[in-house]
Amino acid sequence: MDGMEKLIGATIVSIVLFAFFALMAWKFWHGRWLRAIAGNNLVSDEEYDSPFQRALGRRMGVVMACCCVSMVLLLASTAATAFDGDLGAVISPALVGAAVLLIVVPCIWVVVWSNVQARRQRNEALDADPPKAEDAKLDRKAAVVLGVILGIYLFIVLVVVPLAIR
């Protein structure tokens with residue numbers, strides 16, 4: 001497959017994905033399709049209409065808009081490779097890196113924001129009902145234990161196994 005065929009295929013895929021991300025950005029921004037957000041499909045109807053859900057939708061709309069820009073950058077990367085030979089070989093990885101950052105950074109931003117909001121809501125609920133504070137302490141301990149187990153597992157998989165294979 002030569003450069004022009006790759007460019008045509010990338011253009012078609014990019015247009016389709018751009019349209020999909022733009023539609024999702026529009027729907028999320030306007031408070032629709034919020035159940036399509038990971039972990040948000042079991043939200044009660046009362047919570048679905050809450051200000052938190054509206055803010056989450058707006059933030060996910062921003063993430064989807066960033067994904068739209070990423071599709072344009074990826075298409076530009078393919079075009080740079082197809083048309084500019086040596087210069088394209090330099091520009092293309094930079095465009096791909098920028099596209100990846102435009103997806104990863106907003107996703108991290110939404111996760112951090114969501115966790116801060118959830119912690120704030122949990123602390124307000126604990127202040128209103130002190131007996132539940134002991135349950136929250138147990139939940140935190142369980143999270144720490146799971147984090148340690150995950151850390152040990154990742155250490156074994158990423159450090160010990162590669163050293164053992166050598």
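## Briefing: helix packing, core and pocket

H3 and H4 pack with their axes 7 Å apart, at an angle of about 170°. That angle makes H3 roughly antiparallel to H4, because angles over 145 degrees count as roughly antiparallel. By class, the contact of H3 with H4 has 26 nonpolar, 9 polar and 1 charged residues. The model is predicted.

**Nonpolar core**

- The largest nonpolar core has 16 residues.
- Phe-21, Phe-28, Ile-37, Leu-56, Met-60 and Met-64 touch the most other members of this core.
- Helix H1 (3-29), H3 and H4 are the elements that give two or more residues to the core.
- Which element gives the most to this core? H3 does, with 8 residues.

**Largest pocket**

- The volume of the largest pocket is about 290 Å³.
- Its lining consists of 16 residues. The closest to the pocket centre are Ile-37, Ala-38, Leu-56, Val-110 and Ser-114.
- Helix H3 (51-83) and helix H4 (85-128) are the elements that give two or more residues to this lining.
- By class, the lining has 10 nonpolar, 5 polar and 1 charged residues.
- Ile-37 and Leu-56 appear among the residues closest to the pocket centre, and also among those that touch the most other members of the largest nonpolar core.

**Trp-33 in the loop**

- Where does Trp-33 lie? Trp-33 is in the loop between H1 and helix H2 (45-48).
- Most residues other than glycine have a negative phi.
- Trp-33 is not a glycine, yet has a positive phi of about 60°.
- Is Trp-33 buried, partly exposed or exposed? The relative accessible area of Trp-33 is 39%, so Trp-33 is partly exposed. The partly exposed class lies between the buried limit of under 20% and the exposed limit of over 50%.

**Met-71 in helix H3**

- Met-71 is placed in helix H3.
- Met-71 has a relative accessibility of 9%, so Met-71 counts as buried. The cut-off for buried is under 20%.
- How far apart are Met-71 and Leu-102 in sequence and in space? They are 31 residues apart in sequence. In space they are 9.9 Å apart, C-alpha to C-alpha.

**Recap**

- H3 is roughly antiparallel to H4, gives the most to the largest nonpolar core, and gives two or more residues to the lining of the largest pocket.
- H4 also gives two or more residues to that lining, and two or more to the core.

Key:
Residues are numbered from 1 along each chain as its sequence is written. This is a predicted model: local features need pLDDT of at least 70, side-chain atom pairs count only at pLDDT 80 or more; totals for chains, interfaces and linings use all residues. Side-chain values use heavy atoms; hydrogens and water are left out. On a 1 Å grid over the protein atoms alone, a cavity is a set of points where a 1.4 Å probe fits but cannot get out, and a pocket is an open set with protein on both sides within 12 Å along at least five of seven lines; lining residues have an atom within 4 Å of a point. Grid points are joined across faces, edges and corners, and a volume is the space filled by probe spheres set on the points. Helices (H or I, at least four residues) and strands (E, at least two) are DSSP runs, numbered from the N terminus. Ala, Val, Leu, Ile, Met, Phe, Trp, Tyr, Cys and Pro count as nonpolar, Asp, Glu, Lys and Arg as charged, and the others, Gly among them, as polar. Axes are lines fitted to C-alpha atoms, for helices over the stretch in contact, and angles run from 0 to 180 degrees between N-to-C directions. Angles under 35 degrees count as roughly parallel, over 145 as roughly antiparallel, 65 to 115 as roughly perpendicular and the rest as oblique. A nonpolar core is a set of buried Ala, Val, Leu, Ile, Met, Phe, Trp, Tyr and Cys residues joined through side-chain atoms within 4.5 Å. Buried means under 20% relative accessible area, exposed over 50%, partly exposed in between (1.4 Å probe, protein chains only).
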